[in-house]
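Let's take a walk through this protein, looking at how some of its helices pack and at one of its pockets. Have the 3D view ready and follow along.

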Amino acid sequence: MTGWTEFALALGLFGVSHFLPRVGGLRERLIGAVGRHAYFATYGLLSLALLAWLIAAAGRAPHVELWPQLPWTRWVTNVAMPLAAVLTACGAGLRQPFTLGGRKAPFDPGQPGLAAVSRHPLFLALALWALAHLVPNGDLAHVILFGCFAAMALVAIPAFDARARRELGPEAARSFFRTTRVLSLAPLFDRTWLHANGTTLALRGAIGLLLWAALLHLHPLVIGVSPLPY
């Protein structure tokens with residue numbers, strides 16, 4: 001299997017694994033057959049395995065340089081990744097069902113929680129991670145890899161918002177979009193919001209920074225390249 005063939009196959013299977021379960025109610029049938037926990041555990045492991053293969057295949061693809069890796073380009077990744085890690089920590093189990101990683105429970109517009117800052121933190125984290133890694137990786141395979149991830153995350157945001165409008169109905173949708181934002185820093189300066197959510201935000205932010213530190217130190221071991229800019 002040539003480098004480009006392996007990369008194309010890995011990219012195709014990764015994409016199919018994310019879109020096929022949504023076709024024709026396949027995911028719901030599988031959940032009904034094996035149970036919700038078993039389905040998502042198996043799907044999560046499969047996604048991680050395909051992601052690892054895809055990243056490895058990109059590294060093995062023929063090197064076609066589109067732009068060089070200049071020293072400043074690594075700073076982009078190192079500045080952006082702490083924010084991406086914090087967004088990831090804040091997005092896990094977000095109290096709104098219309099996003100990646102959100103709780104499958106009714107949304108309360110009177111208590112939007114962290115969704116007031118962002119109703120799609122995991123999608124923003126994915127887009128930020130991809131775009132930040134795109135800058136220092138200017139070879140064709142990695143441009144395709146990170147470009148696809150960024151496009152997938154950014155396209156998913158309006159798609160999930162459209163789903164929220166369909167399922168909530170006009171009045172509930174107005175409340176939902178009035179009390180949440182794709183990204184807004186305004187709640188961080190609102191004393192009422194901070195009083196209700198500041199502790200949760202601080203805890204999740206700390207977890208996010210610990211996650212970033214772990215990823216930074218594991219990067220040379222897992223990926224084989226140091227992410228540090230020096």
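How are α4 and α8 oriented to each other?

## α4 and α8

Keep in mind that you're looking at a predicted model. Helix α4 covers residues 73–91, and helix α8 covers residues 191–222. The angle between the two is about 130 degrees, and their axes lie 7 Å apart. Angles over 145 degrees would count as roughly antiparallel, so α4 and α8 come out as oblique to each other. Their crossing is right-handed.

Who's touching whom? On the α4 side you'll find N78, M81, P82, A85, V86, T88, A89, C90 and G91. They meet L201, R204, G205, I207, G208, L209, L211, W212 and L216 of α8. Sorted by class, this contact has twelve nonpolar, five polar and one charged residues.

## α6 and its partners

Now find helix α6, residues 140–168. Helix α5 (residues 121–134) packs on α6 at an angle of about 155 degrees, with the axes 8 Å apart. That's why α5 is roughly antiparallel to α6. The crossing of this pair is left-handed. Among the contact residues are F123, L126 and W129 of α5, along with F146, F149 and I157 of α6. The contact of α5 with α6 has 18 nonpolar residues, three polar ones and no charged ones.

Helix α3 (residues 36–60) packs on α6 too, at about 150 degrees and with 8 Å between the axes. So α3 is also roughly antiparallel to α6, and the crossing is left-handed here as well. In this contact, L51, L54, A58 and G59 of α3 meet A141, H142, L145 and F149 of α6. The classes are six nonpolar, two polar and no charged residues. Notice F149: this α6 residue is in the contact with α5 and in the contact with α3.

## A pocket to look into

Next, some empty space. The second largest pocket has a volume of about 330 Å³. Which residues are closest to its centre? They are L83, L87, V117, L124 and L183, out of 18 that line the pocket.

You've already met the helices involved: α4 and α5 are the elements that give two or more residues to the lining. The largest share, five residues, comes from α5. As for class, the lining has 17 nonpolar residues, one polar and no charged. L124 links two parts of this tour, since L124 is in the contact of α5 with α6 and is also one of the residues closest to the pocket's centre.

Notes. Residues numbered from 1 in each chain as written. Predicted model: local features only at pLDDT ≥ 70, side-chain atom pairs only at ≥ 80, totals over all residues. Heavy atoms only, no water. Axes fitted to C-alpha atoms, helices over the stretch in contact; angles between N-to-C directions. Helix = DSSP H or I, 4+ residues; strand = E, 2+ residues; numbered from the N terminus. Parallel < 35°, antiparallel > 145°, perpendicular 65-115°, else oblique. Left-handed = near helix turned anticlockwise from the far one by under 90°. Contact = heavy atoms within 4.5 Å. Nonpolar A, V, L, I, M, F, W, Y, C, P; charged D, E, K, R; others polar. 1 Å grid on protein atoms, 1.4 Å probe; cavity = no way out; pocket = protein on both sides within 12 Å on 5 of 7 lines; lining within 4 Å. Points joined across faces, edges and corners; volume = space filled by probe spheres on them.
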